[in-house]
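I opened this entry to keep track of what I looked up in one model. The notes follow the order of the lookups.

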Amino acid sequence: MKAFLPTICLMFLTIFSSQAQTAAAPATNPFPSISTLTGWASLNSQSQFDIAIRAVGFKFEVKEPGEGSTAYTYIRKVTVNEVNYTDRIVYRITNNNSASIISLVTASTDLVSLYTPQLATFKNNNCKTEMSKDKNTTCTCYESVNFAIDLCDERVKLTMGDGNKYFVSVAKK
């Protein structure tokens, strides 16, 4: 009986401390900065990228070998303002490790507003990507000496109305 009371107290302490940790979780949905994305694109190593992306809450989903390159897809489930979203990031690396592309897709955060100020030092150029040719998508494309970055806002039809899906692609040249 003497061991029972401390066990019950320990159980309540554990329950209340785990609820306090859950309540303290941030309400924001942090995304990696442009400098982080370009750094990841420079890695040319899926294993190093895997460690970096897991640190921001993404989990490995699937590996897709293709002609000339391999794509590794990671996802994370987030809740923003009580709405559930799935963020997806794809790391595509050429088979000879000469170039890599990181593509991030979300509906949970306005990536255009988030990333546009970070791209002030990049040169704005004409978009020639397939996505930018879609009439429902607005893309702005940027370029530096080492990277090409596409930042898009795609209007999508949702079951409960219109919504946005945001897309950023960082390609190492």
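**Notebook: layout, hairpin, helix face, two asparagines**

I counted secondary structure elements and got four helices and eight strands in the protein. The model is predicted, and I read every entry below with that in mind. Along the sequence, I noted the order α-α-α-β-β-β-β-α-β-β-β-β.

*Whole-chain totals.* I looked up burial, and 34% of the 173 residues in the protein are buried. For contacts with a separation of 6 or more, I found that 45% are between residues 24 or more positions apart. The exposed area of the protein came to about 10800 Å², with 57% of it supplied by carbon and sulfur atoms.

*Hairpin.* In which sense do strand S1 and strand S2 pair? I found the antiparallel sense, over six bridges, with S1 covering residues 59-65 and S2 covering residues 69-80. For the register, I took valine 62, which stands opposite threonine 73 in S2. Three residues lie between the two strands of this hairpin. In the turn I checked glycine 68 and read a positive phi of about 90 degrees.

*Helix H2.* Which residues of helix H2 are buried? In this helix, residues 34-41, I listed Ile34, Leu37, Thr38, Trp40 and Ala41. I then looked down the axis of H2: the buried residues fall within an arc of 160 degrees, so they line one face of the helix. I set a general point beside this entry: an α-helix has 3.6 residues a turn, so residues three or four places apart point the same way.

*Asparagine 44.* I searched for positive phi outside glycine and noted asparagine 44, with a value of about 55 degrees. Asparagine 44 sits in the loop that runs between H2 and helix H3 (46-54). Is asparagine 44 buried or exposed? I read a relative accessibility of 17%; the cut-off for buried is under 20%, so asparagine 44 counts as buried.

*Asparagine 97.* I also noted asparagine 97, which is not a glycine and has a positive phi of about 60 degrees. I located asparagine 97 in the loop between strand S3 (83-94) and strand S4 (100-106). How does asparagine 97 count by relative accessibility? Its value is 41%, and partly exposed covers the range between under 20% and over 50%, so asparagine 97 counts as partly exposed.

*Side by side.* I closed with the two loop asparagines together: asparagine 44 is buried, whereas asparagine 97 is partly exposed.

Note on methods
Residues numbered from 1 in each chain as written. Predicted model: local features only at pLDDT ≥ 70, side-chain atom pairs only at ≥ 80, totals over all residues. Heavy atoms only, no water. Pairing = 2+ DSSP bridges. Buried < 20%, exposed > 50% of the residue type's maximum accessible area, 1.4 Å probe, protein only. Arc of directions from axis to C-beta. Contact = heavy atoms within 4.5 Å. Areas by Shrake-Rupley, 256 points an atom, 1.4 Å probe, with all protein chains shown as cover.
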